[in-house]
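Work through the exercises below with the coordinates open, and attempt each task before reading its solution.

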Amino acid sequence: MGPEPENWVAGLADHYDGALDAVVVTDTDTDGPGPRIVYVNPAFTERMGYSRAEVLGRPASMFVGPESSRRAVESIDRARHDGLAATEPILNVTRDGESRFFQLSIHALPARGDRPACFVEVRHDITDLLASRLAWQEAINQSAALVCIVDEDYVIRFASPYVHDVLGWDRDEIVGRPVQDLVHPSDLAVFDDIIEHPVVEVRVATGTGEWRWLEVGWRDLIDDSLVHGIVISAHDINDRKATEEAVRESNALFRLAAQANRMGVWEWDLALDTMHWTTDHHRIRDPEADPIANTLAGLLGAVHPDYVDWVEREMRLAARPGGSCDLEIRMKDENVSRWVLLRGETYCEDGEPVRMTGVIQDVSSIHAARDRLTDTLESVTEGFFSVDERWVITYVNGAAEAMWERSRSALLGADLWTAFPGLETTEFAHAYREAMELKKPVDIHAFFDPSERWYEGRVYPLADGLAVYFRNVTEEKAADEQREVLLEAERRAARDAQAAKERLAYAATHDSLTHLPNRDLLFQDLAARLQRTGGVGLALLFLDLDRFKVVNDSLGHAAGDELLVEVSNRLRALSGADRFVARLGGDEFVIVTTGATPDAVLRFAHIVLDALRRPFGVQGRDLVVAASLGIAQATTGSTPETLLRDADAALYRAKASGRDRVSVHDNELRAQTLERLELESELRSAITNDELVLHYQPIVQVRDRVPVGCEGLLRWKNPRRGWLQPGSFIDLAEETGLIAPLGEWALHEAARQIVAWRTTRPESLGRTTWINVSAGQLQNRSLSDIVARAVTVHGLQPGELGVEVTETTLMREPELAASELGRLRSLGVPVAVDDFGTGYSSMSYLQRFRPSVLKIDQSFIARIHESETRHIVHAIIDLAHALSASATAEGVERGEQLRILQTLSCDHASGFLFGAARPTGEQVRPVVDPTT
């Protein structure tokens, strides 16, 4: 098994996991066995049968089959060097030993940040394409049609066996002869015109000296490595040319005969509910099956179960005055897929329906042909559409849908001229009408003004409309359609590779949700603008949505994503040539402006906030959100990094000032930012430099002031700033992710001290030491694991170590909190709800949290002499007792407060009245006289 990919590789999944083509990312080490694989996408594992674990760290050459040509391998090396598509199909072997051919497009990603340089290979599977081409060549040899291959001078090099059946020539009699020798002199001009008209009708000499009419088509495959010639196919149309009128009559009779084939007549007596059939009706079913009983139930018994209810409903609906049915039904036949067409009309006597009479026809072959036709039309690379005689669009294939960039669901059933404004006055319209009116094929090659593209196509008349095949030939409008059919696959492979390369490049520089530029493209654009302007008139606006998390938590992430898309659309609408909008991630967006004064930038910032205050339609409801915005004005020497940092600091100040407002970065904020950066740097080294300590504040019983434990409070002895309280660095630790190592250090330090007290202070046995945990520690879903390690490593007894979580922190993610607190209780670790009364706890969640202690916020204790506040404190104490928890009053400083707490039956208290927080080396004991 190969090594796990580096962290930067995980980001590749955002760009490539959804790609339809196989994607392989390798390092750039071309020594030894060559570049090694660092990532593959799901499309690769599906096609090749290998899991990611089986290929990571292995050389990319592990898939190259032994039959691959040296030229193909050299083509890969050139592609890596030049960043182009490989020119030769590459044979790869799957895990199961299957050979598959791929067309490769390789481009290099330069090193950036923590990402090293790498190669991205897009592998387009052309196995089926090559198989189709080989099968086509074999079909030429085995064809029952007249097929010839000629060289550039129209000298015949190959003739299929059918040439004898059609023309009476042996193959060796015509191979080596120019085609013109066989064409009637009067038709040579028409034959020469075949370049302009790929299908022509000419007379050709037979071996007996007669002339026969042939419909001749051609395909120029001179440049095809497998054919090296022009393929001419011909069909005998001599009888049709002999008399056009006779052919038209014959065709009409043929269609009637085809419709009558395998047809029966039926009658349903509605009063008696009996059905009568012609004697050969059994031919519409399996001849071995039992005859259909002469009732409607008998008919339904012969119908496929999936169609029974529908057929019965439609038949009974049709059995009314003026009713009729026209149903295409699948029959119950285990051997084949059999379909019948059931048509009938209802007849009345004295206004009452008495019988239905109609025909039933086997349309299995028609149904199968229709399926094959649909599959064929969807598999071809050309666009295809059809219209009926009223110019209503009846079919659009996938290629046309992609070419037009129009949804086929919006086109089907639409009027052709309405769906394509401007079409009615073009050469295309003339060709369509000519084919419709004259009932003959028409070739078209013209420029379409509305789309500014050249199209080449062929229009075929149908019995009830037109069928149109077409291609976009803007880049090579003189190319022949038939040659394009076969060679398009190779060009399509190159186009697909280029498109994949462009898609990957786009995905690497754009946000996948909003399609706005991402951080990488923002920095590229910023660098270019700074270089172009020298920073003059350039500003960066950094904004994020206020309380966006509430939307995600209350309505779900799908609603949050929809809101972000709507926000991006509004910001995009405010952009222009002098503004650049990007999404950094989450709910953070950036707008870069150039050529504007600071006052104009500030006015624009308020326009942005006003635009975001308007309600957003999300999941059928109106959401009103707001945003905070920070502005950084570029100066000489500004870089993308410093601009983003300054704007982020301004944004932070806007949020701290009340949200939904604008803040501009200035010298004061710059100084604060630098100070904050310095503090962050110092905090990162505080643990390793032994600068952090815990001070312990006693907790006593209210009734007798006996110590029951203490609270460990974090302090930072900064060499430059002196002693720092948690309020000056905890928020910074939360933002930078440093809270996790700080919190873990505090837990282990408290556990170590508890073990030390067992020896130095035996009276501390049975007491609880409490440690505060932050929102960041709780939300990283590993708090209980960290506490468990501390308890286990230091050998603590249940109840010796407790954790305190603020009420506000618990209610941020109550479900997560309930889960983590439950795990802590199972470890014997008590939990206290700190600052109780300042948050928004619900009674149901408090019951789920099952805290051991409710700690009454000191703001209530400071006003406990007030009657209203005293009642609130009393209610909190009663609530704690109702939850089988104890109540601890914080911030007790005066004896009067202690006496009131005693009358309210409060359990425990802490505060300066019993001693300040002190290091472990100092004696910590409560005062004896609470009145002092």
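**Exercise 1.** Determine which residues have the most contacts inside the largest nonpolar core.

*Solution.* A nonpolar core is a set of buried Ala, Val, Leu, Ile, Met, Phe, Trp, Tyr and Cys residues joined through side-chain atoms within 4.5 Å, where buried means under 20% relative accessible area, with a 1.4 Å probe and protein chains only. The largest such core has 70 residues, and Val892 and Leu901 have the most contacts inside it. Its largest share, 9 residues, comes from helix α27, residues 739-760; helices are DSSP runs of H or I with at least four residues, strands runs of E with at least two, numbered from the N terminus. Apart from this core lies another of 30 residues, Trp417 and Phe448 among them.

This is a predicted model, in which local features need pLDDT of at least 70, side-chain atom pairs count only at pLDDT 80 or more, and totals for chains, interfaces and linings use all residues. Residues are numbered from 1 along each chain as its sequence is written, and side-chain values use heavy atoms, with hydrogens and water left out.

**Exercise 2.** Establish in what order the 5 strands of the open sheet are arranged, and which stand at its edges.

*Solution.* Strands pair if DSSP finds at least two bridges between them; the resulting order is β2-β1-β5-β4-β3, with antiparallel pairing. Because β2 (37-40) and β3 (90-93) each have a single partner strand, one side of each is left without a neighbour in the sheet. Between β1 (residues 22-26) and β5 (residues 118-125) there are 5 bridges, and Val25 stands opposite Val120 in β5.

Conventions. Buried < 20%, exposed > 50% of the residue type's maximum accessible area, 1.4 Å probe, protein only.
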